[in-house]
Amino acid sequence: MQLNVEISAVSRAVRDVEEALGVAMFERLPRGVRLTLAGETYVAVARDTLARLGRAESDARSAATNGAGALSLGCVWSFCCLPKIDLLRRLIRLNPHIVLTLVEDGQEALLARVRSGELHVALTAADPVSQPREQGDLQSVTLWRERLAVALPEAEMTDAIEWADLAGRLLLCRPQDDWRRFVAHVERLGGPTLQFMEQDVSEEGLLALVGVGLGWSIVPASLPVPAHANVRLVPLVEAGAELDIQAVWRRAATNPALSRFRDLCRQVYSDVPSQSRDPSP
């Protein structure tokens, strides 16, 4: 009666369990009942299961309030770029127990992985002059505007580069870089048709190839350059040599860690207009 349940209802429930398991849970005695060995085993496991469920509920509430939880984050460029380092530093400082998984990939691959649920959010690059359009199941917010620069050997004494200076130059990139989209972007601006060559290396390896004189490379202006790379970054001073970095996620996503990440982005980049745009140049 402590559970405010009729004895007859308890008896029916016990009989239902016994019939489902095919074992006797209680031994009926003249003065009451006692658990059989099967009953004792069942009760012990049931108590452990209930305890685990209670801990799971507690952990879930803690995750929602104390910054735990998991977040998978993709990016079209290296996470070594300074604005991304600052964003990740703030995220971890506010959510010290978060489980963070980072992925670098091409733009289309990242958007596909967000749509499939494999990634919670992706940082993509969009042409600032492109017109916003409906993205269906995706939503985005603009974070910051990234200037572009050209990585070239340290010995080449050039202080500024225009689109025309890239005509006929061999530009190195990685297979996941959306260089075809960038070629079309520069052509729309009236620039030359750029010539890219893929190199299946890391971003640091790409800079090393630039340093030995194999070619140039177009990179984010905030990308740190290792001192041993013998490479320097020269700003692209032409119109259109900048891209908007956007955070893109599924509209239907309900991950608490993603919600905190979105709140952080809106707080840190509150001076940048938030809007849904085509996440590609």
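Here is a walk through this predicted model, one selection at a time.

**Before you click**

Residue numbers start from 1 along each chain as its sequence is written, and side-chain values use heavy atoms, with hydrogens and water left out. Because the model is predicted, local features need pLDDT of at least 70 and side-chain atom pairs count only at pLDDT 80 or more, while totals for chains, interfaces and linings use all residues.

**The whole thing**

Start with a cartoon view: you'll find 7 helices and 11 strands. Both are DSSP runs numbered from the N terminus, with at least four residues (H or I) for a helix and at least two (E) for a strand. Of the 281 residues, 39% are buried; that means under 20% relative accessible area, with exposed being over 50% and partly exposed in between (1.4 Å probe, protein chains only).

**Into the core**

Now select Leu143, Leu166, Leu194, Phe196, Ile218, Leu236 and Phe261. These have the most contacts inside the largest nonpolar core, which has 54 residues. A nonpolar core here is a set of buried Ala, Val, Leu, Ile, Met, Phe, Trp, Tyr and Cys residues joined through side-chain atoms within 4.5 Å. Strand S6 gives the largest share of this core, 7 residues. There is also a second, separate core of 10 residues, and Cys81, Leu172, Leu206 and Ala229 are among them.

Stay on Leu194 for a moment. Which residues does Leu194 touch, leaving aside neighbours within four places in sequence? Its contacts (heavy atoms within 4.5 Å) are Leu166, Leu171, Phe182, Val183, Val186 and Ile218.

**Along helix H7**

Next, select 256-268. This is helix H7, with 13 residues, and it reaches 18 Å from its first C-alpha to its last, close to the 18 Å expected at 1.5 Å a residue. That expected span is 1.5 Å times one less than the number of residues. Color Ala257, Leu258, Arg260, Phe261, Arg262, Leu264 and Cys265: in H7, these are buried. Then add Asn255, which caps the N-terminal end of H7 with a side-chain oxygen 3.2 Å from the backbone nitrogen of Ala257.

**Charged pairs**

A search of the whole structure finds 13 salt bridges, each a side-chain nitrogen of Lys or Arg within 4 Å of a carboxyl oxygen of Asp or Glu. Try Glu108 and Arg181, whose closest N and O atoms are 2.5 Å apart. This pair links distant parts of the chain, with Glu108 in helix H4 (residues 107-116) and Arg181 in helix H5 (residues 179-188), 73 residues apart. Glu108 counts as partly exposed because its relative accessibility is 42%.

Then select Glu203 and Arg174, which meet at 3.8 Å, N to O. Glu203 lies in helix H6 (residues 203-211) and Arg174 in the loop between S7 and H5, so this salt bridge ties together parts 29 residues apart in sequence. Is Arg174 buried or exposed? Arg174 is buried, with a relative accessible area of 4%. Add Glu104 and Asp177 to the selection: salt bridges that share partners join Glu104, Arg174, Asp177 and Glu203 into one network.

**Last stop: Asp165**

Finish in the loop between strand S6 (138-153) and strand S7 (170-173), where Asp165 lies. Asp165 is partly exposed because its relative accessibility is 38%. Its side chain reaches the backbone nitrogen of Glu162 at 2.8 Å. Leaving aside neighbours within four places in sequence, Asp165 is in contact with Ala160 and Trp216.

Methods. Polar contact = N/O pair within 3.5 Å; in protein donor to acceptor, adjacent residues only side chain to side chain.
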